[in-house]
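Reader: Could you walk me through one part of this protein up close? I'd like to start from a single helix and then work outwards to whatever else is worth a look.

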Amino acid sequence: MKKVYGSAAEALDGLLRDEMLIAAGGFGLCGIPELLIDAIVDSGVKDLTIASNNCGVDGFGLGKLLDTKQIKKMMSSYVGENAEFMRQYLSGELELEFNPQGTLAERMRAGGSGIPGFYTKTGYGTQIGEGKEVKVFNGEHYILEEGIFADLSIVKAWKADTSGNCVFRKTARNFNPPAAMCGKICVMEVEEIVEPGELDPDHIHLPGIYVHRIIQGEHEKRIEKVTTRKREEA
């Protein structure tokens with residue numbers, strides 16, 4: 001089965017529709033599927049629900065989909081670096097489902113493993129737990145969280161073979177594997193594509209069975225916050 005496509009637009013052809021749920025990989029601006037996000041912007045689909053750790057920054061990453069008002073709802077852990085996200089949420093233009101970071105990652109991983117739900121102590125007794133089923137295990141209260149089963153996953157890897165076996169680099173590994181797992185279809189962009197057998201099996205983070213389409217491209221790799229230390233006096 002052909003998995004390698006020539007462009008993001010080609011790889012997403014026939015997969016996009018209004019009101020779909022998309023799981024997007026990345027952690028801050030690290031390991032985000034920049035090219036696929038741009039192709040979704042160009043497609044014009046709207047009323048999207050996006051499950052992602054955050055929503056990029058103003059004018060970059062998933063923030064571009066906020067600028068074009070294509071996102072109806074975000075399922076996120078962190079929104080602090082995006083002024084437009086805050087504005088749309090506070091004005092009632094954007095729905096927001098807050099998830100503790102570990103809970104969001106586990107919801108994606110659970111969906112990818114065919115697990116419809118799990119119990120966690122995180123969020124019990126807070127707004128996160130309101131309206132959710134509660135059970136007591138060994139005297140401790142747990143709330144029920146549902147697995148995420150996305151219509152589409154868009155992720156970014158460092159290197160992959162043509163079968164979709166891939167390696168994520170450093171922080172990009174935080175959310176990309178579970179996001180890739182939970183989609184009915186997973187489209188992945190990478191920096192380098194190699195032939196099967198060129199990757200050390202012990203170094204593969206996600207097996208190709210989860211990946212349906214692959215593209216290779218150039219990435220901006222923008223730094224979210226540049227901080228430097230003052231040079232010590234000579």
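Author: Here is a walk that starts at helix H4 and moves on to the cysteines, the empty spaces and a few single residues. Keep in mind that this is a predicted model.

Let's begin with the helix. H4 covers residues 83-90, and its buried residues are Glu84, Phe85 and Gln88. Look down the axis of H4 and those buried residues fall within an arc of 105°, so they line one face of the helix. What sits over them? The cover on the buried residues of H4 includes helix H3 (63-67), along with two strands, S3 (71-76) and S4 (95-98).

The two ends of H4 are worth a glance as well. At the N-terminal end, Asn82 acts as the cap, with a side-chain oxygen 3.1 Å from the backbone nitrogen of Glu84. So Glu84 turns up twice here, as a buried residue of H4 and as the partner in that cap, which is a handy way to find the spot on screen. Just past the other end of the helix comes Gly92, where phi is positive, at about 85°.

From H4 we can step to Leu62, using Ala83 as the link. Leu62 and Ala83 are 21 residues apart in sequence, and their C-alpha atoms are 13 Å apart in space. Leu62 belongs to the loop that runs between strand S2 (48-51) and H3. Its relative accessibility is 5%, so Leu62 counts as buried, the cut-off for that being under 20%. Setting aside neighbours within four places in sequence, Leu62 touches Ala24, Ile37, Ile50, Ser52, Asn54, Cys55, Gly56 and Ile71.

Leu62 also leads us to an enclosed space. Searching the whole structure turns up 1 cavity of 30 Å³ or more. The largest cavity has a volume of about 60 Å³. Its lining is made by 13 residues, and those nearest the centre are Gly28, Ile32, Ser52, Asn54 and Leu62. Ser52 and Asn54 are therefore on two lists, as contacts of Leu62 and as lining residues that lie nearest the centre of the cavity.

Now for the pocket. The largest pocket holds about 320 Å³ of space. It has 16 lining residues, with Cys30, Gly31, Lys156, Glu191 and Lys221 nearest its centre. Which element gives the most to that lining? Strand S8 (residues 150-161) does, with 3 residues.

Cys30 brings up the cysteines. The model holds 0 disulfides. For Cys30, the nearest cysteine sulfur belongs to Cys166 and is 14 Å away, and Cys30 is in no disulfide. Cys30 is partly exposed, its relative accessible area being 32%. Cys186 has Cys166 as the closest cysteine too, but the two sulfurs are 7.7 Å apart, too far for a bond. A disulfide would need the pair of sulfurs within 2.5 Å. Cys186 is buried, at 0% relative accessibility.

Next, a residue in another helix. Thr103 is part of helix H5 (residues 101-112). Is Thr103 buried or exposed? At 4% relative accessibility, Thr103 counts as buried. Beyond its neighbours within four places in sequence, Thr103 is in contact with Phe118, Thr120, Thr122 and Glu145.

Last come two backbone oddities. Most residues other than glycine have a negative phi. Asp47 is not a glycine, yet its phi is positive, at about 55°. You'll find Asp47 in the loop between helix H2 (34-43) and S2. Asp47 is partly exposed, with 31% relative accessible area.

Asn138 is the other one: again not a glycine, and again with a positive phi, here about 50°. The loop that holds Asn138 joins strand S6 (134-137) and strand S7 (140-146). Asn138 counts as exposed, at 83% relative accessibility. To place Asn138 against the start of the chain, take Lys2: the two are 136 residues apart in sequence and 50 Å apart in space, C-alpha to C-alpha.

Terms used: Residues are numbered from 1 along each chain as its sequence is written. This is a predicted model: local features need pLDDT of at least 70, side-chain atom pairs count only at pLDDT 80 or more; totals for chains, interfaces and linings use all residues. Side-chain values use heavy atoms; hydrogens and water are left out. Buried means under 20% relative accessible area, exposed over 50%, partly exposed in between (1.4 Å probe, protein chains only). Helices (H or I, at least four residues) and strands (E, at least two) are DSSP runs, numbered from the N terminus. The arc is that of the directions from the helix axis to the C-beta atoms. Contact means heavy atoms within 4.5 Å. A polar contact is a pair of N or O atoms within 3.5 Å; within protein, one must be able to donate a hydrogen and the other to accept it, and residues adjacent in sequence count only if both atoms are side-chain atoms. On a 1 Å grid over the protein atoms alone, a cavity is a set of points where a 1.4 Å probe fits but cannot get out, and a pocket is an open set with protein on both sides within 12 Å along at least five of seven lines; lining residues have an atom within 4 Å of a point. Grid points are joined across faces, edges and corners, and a volume is the space filled by probe spheres set on the points.
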